[in-house]
Structure formats: C-alpha cells, structure tokens
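Subject: Structure for you to look through

Hello,

Here is the structure I promised. Please open it first, then read my notes beside it.

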Amino acid sequence: MPATPTGTPTPPAPLSQNERLELANQLYREYHTRCFWHAPRDLVITEDLIPFVVKGLRTHGGHRGFIASGKLRPKEASAPSPKAS
C-alpha cells in the first residue's frame, strides 16, 4: 500500500488589490438583497468600501457570507511574531 503524505494544507495566498476589488464587487452583487439592500444596487466597490462589504457580510451574510468576508482580508506585509516574555 503506497504511503500518502499527511501534511497540513497550506493556507491560500492573500489576494492582490485587483483580485480583492473584483471579489468585493462580486460578493456585493451576490449578497445585495440580504446584506446591502439599503445601498444602491449599481454601487461600484472601491478599496475604501471593502470594510463596508466585510461588515455587511459578517453581520447579515450568514455562515457563507462570514466565510467569504475572510477572503477580503488585506495582504499582510509580514506575519506578527509572538513576543517572548
């Protein structure tokens, strides 16, 4: 019987700025009725409006919206290092 690797899956790479904007616009349109009914349907999501989309998805998007909002996190320069006490 061949051995299979049992490593942990690698986390997905953070999205580029253009990919985040594209995803934010897609999610805004997909969840408009549920999360963003009070905003114009044809609103174009810019970098400044991504937190608005994240908040709406986390608040009113249910489990799927909450998970999708995590994909809009910004690209981090470096991972924080734990402080030694």
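Where does Ser16 lie? Ser16 lies in the segment before helix H1, which spans 17-30. Keep in mind that this is a predicted model. Ser16 counts as partly exposed, because its relative accessibility is 26%. Now look for Pro74. Ser16 and Pro74 are 58 residues apart along the chain, yet their C-alpha atoms are separated by 8.2 Å.

Next, the overall picture. The protein has 4 helices and 0 strands. Along the sequence, the pattern reads α-α-α-α. There are 85 residues, and 27% of them count as buried. Take the contacts between residues at least 6 apart in sequence: 45% of these join residues at least 24 apart. The accessible surface comes to about 6,800 Å². Carbon and sulfur atoms account for 59% of that surface.

Now the core. Which residues have the most contacts inside the largest nonpolar core? They are Leu27, Phe36, Ile50, Val53, Leu57 and Leu72. The core has 16 residues in total. H1 and H3 each supply at least two of them. H1 gives the most, with 5 residues.

Phe36 deserves a closer look. Phe36 has a relative accessible area of 0%, so it is buried. What does Phe36 touch, leaving aside its neighbours within four places in sequence? Phe36 is in contact with Leu27, Tyr28, Tyr31, Phe52, Val53, Gly56 and Leu57.

Some of those contacts bring us to the aromatic rings. A pair of rings is described by two values, the distance of the centres and the angle of the planes. The count here is 2 aromatic pairs. One is Tyr28 with Phe36: the ring centres are 4.9 Å apart and the planes are at 35°, so this pair is tilted. Tyr28 and Phe36 are both buried. Another is Phe36 with Phe52. Here the centres are 5.3 Å apart and the planes are at 50°, so this pair is tilted. Phe36 and Phe52 are 16 residues apart, and the pair links distant parts of the chain. Phe36 sits in the loop between helix H2 (32-35) and helix H3 (50-60), while Phe52 is in helix H3. Is Phe52 buried or partly exposed? Phe52 is partly exposed, because its relative accessible area is 29%. The ring pairs link Tyr28, Phe36 and Phe52 into a cluster.

Last, turn to helix H4, residues 62-70, where you will find Ser69. Is Ser69 buried or exposed? Ser69 has a relative accessible area of 2%, so it is buried. A polar atom of the Ser69 side chain lies 2.6 Å from the backbone oxygen of Phe66. Ser69 also touches Val54, Leu57 and Arg58, not counting residues up to four places away in sequence. Leu57 should look familiar: it is among the residues with the most contacts inside the largest nonpolar core.

Phe66 and Arg58 meet as well. The charged end of Arg58 sits over the ring of Phe66, 4.7 Å from the ring centre.

A quick route for viewing: begin at Ser16, in the segment before H1. Move on to the ring cluster of Tyr28, Phe36 and Phe52. Finish at Ser69, in H4.

Best wishes

Terms used
Residues numbered from 1 in each chain as written. Predicted model: local features only at pLDDT ≥ 70, side-chain atom pairs only at ≥ 80, totals over all residues. Heavy atoms only, no water. Helix = DSSP H or I, 4+ residues; strand = E, 2+ residues; numbered from the N terminus. Buried < 20%, exposed > 50% of the residue type's maximum accessible area, 1.4 Å probe, protein only. Contact = heavy atoms within 4.5 Å. Areas by Shrake-Rupley, 256 points an atom, 1.4 Å probe, with all protein chains shown as cover. Phe/Tyr/Trp six-rings, centres within 6.5 Å; stacked < 30°, edge-to-face > 60°. Lys NZ or Arg CZ within 6 Å of the ring centre and 35° of its normal. Core = buried A, V, L, I, M, F, W, Y, C linked by side-chain atoms within 4.5 Å. Polar contact = N/O pair within 3.5 Å; in protein donor to acceptor, adjacent residues only side chain to side chain.
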